[in-house]
Amino acid sequence: MIVKFSKLKSHSLKKRQNESIRDFKETLIISSTFIFFSITVVYKKGSLMARSICKAHPGVTLAGHSGNWNFIFIPGTNLPEKTVLRFDILTDGEEGSWQLPSAAANIKLNCIWLTTGNEKKIIPKEVTQEGKTVFDFTLNNAVKAGDELVITMGSFGKTSEKKNTAQTYTQRRRPFHLYVDTKGKKVFPKEPEVFHLDVKGGELNNIRIIGPSVVARNDRFDLMLRFEDAFGNLTGYAPENTLIELSYDQLRENLNWKLFIPETGYLSLPNLYFNDPGTYRIKLTNLQNKKIYHSPPIECTPEAGNSLYWGMLHAESKRYKEVEDVENSLRNFRDDHALQFYAASVFEDEDSTPASDWKLLSSQIAQFNEEERFVSMLGFQWFGEPSTEGLRHFIYPKDNKPILRMKDTKSNTLKKIYRSHTPKELLSIPCLTMAKGYSFNFKEFNPEFERVVEIFNNFGSSECSAKKGNPFPIRTKGRKSGMSETEEGSIQKALSKNCRFGFVAGGSDRRGPYKDTLENDQIEYTDGLTAISCKDYSRDNLFQALYNRSCYATTGARIVVSFKIAGMPYGSELDTETKPGLEYNRHLEIKVSGTDKIKEIIIYRNLEKFKVIENLDNEHIFTLDDSENIKNIALTSADDRPNFIYYYMRVTQEDDSTAYITPIWIDHIVKTPSKGKTKAK
């Protein structure tokens with residue numbers, strides 16, 4: 001094919017066509033404001049077919065909308081009888097993707113068929129291709145070049161129910177592929193004919209307010225507003241002249257903001273600040289329907305200190321495959337989920353993550369890591385011996401690190417991995433510790449590398465068993481096989497054995513041992529979030545905060561929690577030698593700012609519920625003294641360490657969103673009177 005460009009002097013649209021036995025030339029004129037250019041495309045005999053036309057009607061739809069979709073194909077050459085047309089919707093049938101129609105002849109709802117010029121309907125055959133369903137239409141009669149073939153997905157007749165449903169996420173020029181085999185042998189060309197359809201955000205359903213969780217008084221910060229449809233897509237689709245009013249507690253009366261909904265679906269409000277310390281919740285009111293939206297709580301402190309950053313450790317995007325589409329996956333977490341940090345969590349085996357994909361992933365993680373905007377960390381999942389090693393998520397603090405594969409003799413056991421690394425080179429996070437078949441019994445717990453443990457992810461919590469009050473147990477519906485809970489991986493039991501770790505949370509996953517969860521009808525919960533408390537927003541500081549256990553987990557809500565004993569925050573280790581008063585009294589300071597009313601706050605002391613507070617407002621501040629002598633309640637450590645006690649919290653809101661707050665440990669150390677040396681008691 002030869003492409004020629006020539007400048008035309010005339011401002012009128014011209015066409016030139018020259019046909020010969022050997023060559024066919026088609027000239028396309030492109031118009032601009034002042035000049036015209038012609039593009040001459042030369043087709044050599046036998047090299048290319050004349051161009052076919054592919055058109056989707058309607059060409060635009062709303063996410064999650066149900067309707068009849070027509071894909072009009074006008075072939076550029078004659079199609080003989082028995083020609084096979086393979087239509088690929090490019091969907092795997094998962095939740096949120098484009099709905100697969102039925103090809104059964106007796107089905108009239110959500111089906112697929114082809115109509116030729118004589119209006120005869122052709123029902124396709126369903127074919128499995130690379131794990132996906134495609135549809136093969138076989139022509140009963142020859143079709144001339146220029147005739148229309150229409151593939152329709154939807155419902156026959158006048159029914160308005162159960163038509164075909166579009167995907168629930170937006171996508172510009174969403175493709176549908178058509179392969180044409182004129183010989184009828186189902187040997188298709190590599191390059192398909194392509195239909196395109198734009199999927200846009202639906203009707204305004206929610207306004208998400210994204211801002212910091214902790215700010216200092218008079219410090220400037222930005223607020224991002226996301227106008228979303230029912231599926232979380234950005235949308236500007238709202239009644240004309242819809243106005244949004246912004247307000248918050250203690251707002252000065254002379255500030256009365258009215259906002260329009262932009263076509264882009266998002267709006268940035270820069271340089272906001274609060275004059276007085278306290279807890280703030282931004283309030284948006286849709287003046288048309290009076291619907292009210294609130295931001296997560298924002299704590300304004302008297303002076304600058306630690307901030308709180310939200311992100312996901314161990315999660316897979318529901319829209320993009322982490323290995324196949326790394327860039328869009330990272331953008332999805334950063335922009336759509338509004339996360340402040342994320343750690344990659346591909347599986348280590350060659351089939352899931354070949355060396356080339358690991359190299360690409362490492363490169364993209366390095367490029368996306370941007371201080372003060374989004375922290376990306378390199379990581380992978382590793383599945384060792386059940387019970388003794390379990391399922392792991394390894395995270396590196398640096399770029400361009402190797403993936404540790406089970407097939408490699410240097411990294412086929414945890415002990416070998418730990419021997420070949422220093423503690424701050426690699427973070428090892430046990431996951432699903434209570435899932436039977438993937439559990440970790442904590443007998444070989446390594447406090448240097450296993451600084452945090454995943455207490456919750458999309459498939460449940462490993463805090464304790466359902467019988468002991470776990471609100472999110474790991475289990476399946478009915479009697480189907482799948483992941484179930486086992487006591488040996490209980491986090492409460494591990495804490496009572498003096499295993500010391502912080503709490504983190506993970507999201508949804510369909511890889512590795514999680515891949516059969518749909519077939520097993522595994523119960524799923526919300527995606528978890530991890531909150532990290534540190535002063536400066538950078539990868540090094542976030543990783544160091546994880547190492548210091550300065551973090552806690554939630555089931556997805558951005559619940560802001562402060563938990564201190566003797567002025568020291570969650571994750572701290574105290575002792576009665578440096579703070580002798582702790583032997584007789586422990587002063588607990590607690591503040592909870594929720595996204596909903598608080599149903600219950602449970603403070604655990606060792607394995608027991610020490611204090612339960614119920615039915616509170618969104619915010620609750622209180623102090624508590626535990627005056628029982630520590631020697632009467634201390635647990636005996638399994639090794640030669642001192643006796644100890646620990647406290648941790650579980651906060652549950654009215655909407656069942658839950659936060660798990662990392663423990664604070666206190667060692668009971670006394671001095672030997674005669675020698676003045678310390679010993680355990």
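Is C551 buried or exposed? At 0% relative accessibility, C551 is buried. That residue gets its own panel below, along with several other close-ups of this predicted model.

**Figure 1. The whole chain, before zooming in.** The protein has 681 residues, and buried ones make up 50% of them. DSSP-style bookkeeping gives six helices and 48 strands. Take the contacts between residues at least 6 apart in sequence: 68% of these join residues at least 24 apart. About 33300 Å² of the protein is exposed, with carbon and sulfur atoms supplying 48% of that area.

**Figure 2. Two cysteines, C54 and C551.** C551 sits at 0% relative accessibility, so it counts as buried. C54 comes in at 23%, which puts it in the partly exposed class because buried means under 20%. If you're hunting for S–S bonds to set up, a search of the whole structure finds zero disulfides.

**Figure 3. A cis peptide bond at P58.** The bond from H57 to P58 is cis, with omega near 0 degrees. P58 belongs to the loop between strand 5 (53–57) and strand 6 (60–62). Its relative accessibility is 28%, so P58 counts as partly exposed. What does P58 touch, leaving aside its neighbours within four places in sequence? The contacts are N68, W69 and L197. For W69, which is eleven residues along the chain from P58, the C-alpha separation is 6.7 Å.

**Figure 4. The loop around G96.** G96 is found between strand 9 (84–88) and strand 10 (111–115), in the loop that links them. With a relative accessible area of 18%, G96 is buried; the cut-off is under 20%. Not counting residues up to four places away in sequence, G96 touches Q167, T168 and Y169. Y169 is 73 residues away from G96 along the chain, yet their C-alpha atoms are separated by 7.2 Å.

**Figure 5. Helix 1 and what it packs against.** Helix 1 covers residues 326–336, and its buried residues are V326, S329, L330, N332, F333 and R334. In an α-helix, residues three or four places apart point the same way, because there are 3.6 residues a turn. Which elements do the buried residues of helix 1 pack against? They meet strand 28 (307–313), strand 29 (341–343) and helix 2 (355–368). Just after helix 1 comes A338, with a positive phi of about 55 degrees.

**Figure 6. Helix 5 and the residue that follows.** In helix 5 (residues 539–547), the buried set is R539, L542, F543, A545, L546 and Y547. After the helix you reach R549, where phi is positive, near 65 degrees.

**Figure 7. D399 and N400 in one loop.** D399 is located in the loop between strand 32 and helix 3. N400 is in the loop between strand 32 (391–396) and helix 3 (414–419) too. D399 has 27% relative accessibility and therefore counts as partly exposed, while N400 is exposed at 63%. Phi of N400 is positive, near 55 degrees, and N400 isn't a glycine. Setting aside residues up to four places away in sequence, D399 touches I365, A366 and R539. R539 is also one of the buried residues of helix 5. From D399 to N369, 30 residues away in sequence, the C-alpha to C-alpha distance is 9.8 Å.

**Figure 8. N615, a positive phi inside a strand.** Where does N615 sit? It is part of strand 44 (residues 608–616). Its phi is about 55 degrees, a positive value, although N615 is not a glycine. At 61% relative accessibility, N615 counts as exposed.

**Figure 9. Inside the second largest pocket.** This pocket holds about 630 Å³ of space. How many residues line the second largest pocket? There are 24, and E316, K321, E324, R510 and R511 lie nearest its centre. Sorted by class, the lining has 15 charged residues, five nonpolar and four polar.

Conventions
Residues numbered from 1 in each chain as written. Predicted model: local features only at pLDDT ≥ 70, side-chain atom pairs only at ≥ 80, totals over all residues. Heavy atoms only, no water. 1 Å grid on protein atoms, 1.4 Å probe; cavity = no way out; pocket = protein on both sides within 12 Å on 5 of 7 lines; lining within 4 Å. Points joined across faces, edges and corners; volume = space filled by probe spheres on them. Nonpolar A, V, L, I, M, F, W, Y, C, P; charged D, E, K, R; others polar. Disulfide = S-S within 2.5 Å. Buried < 20%, exposed > 50% of the residue type's maximum accessible area, 1.4 Å probe, protein only. Helix = DSSP H or I, 4+ residues; strand = E, 2+ residues; numbered from the N terminus. Contact = heavy atoms within 4.5 Å. Areas by Shrake-Rupley, 256 points an atom, 1.4 Å probe, with all protein chains shown as cover.
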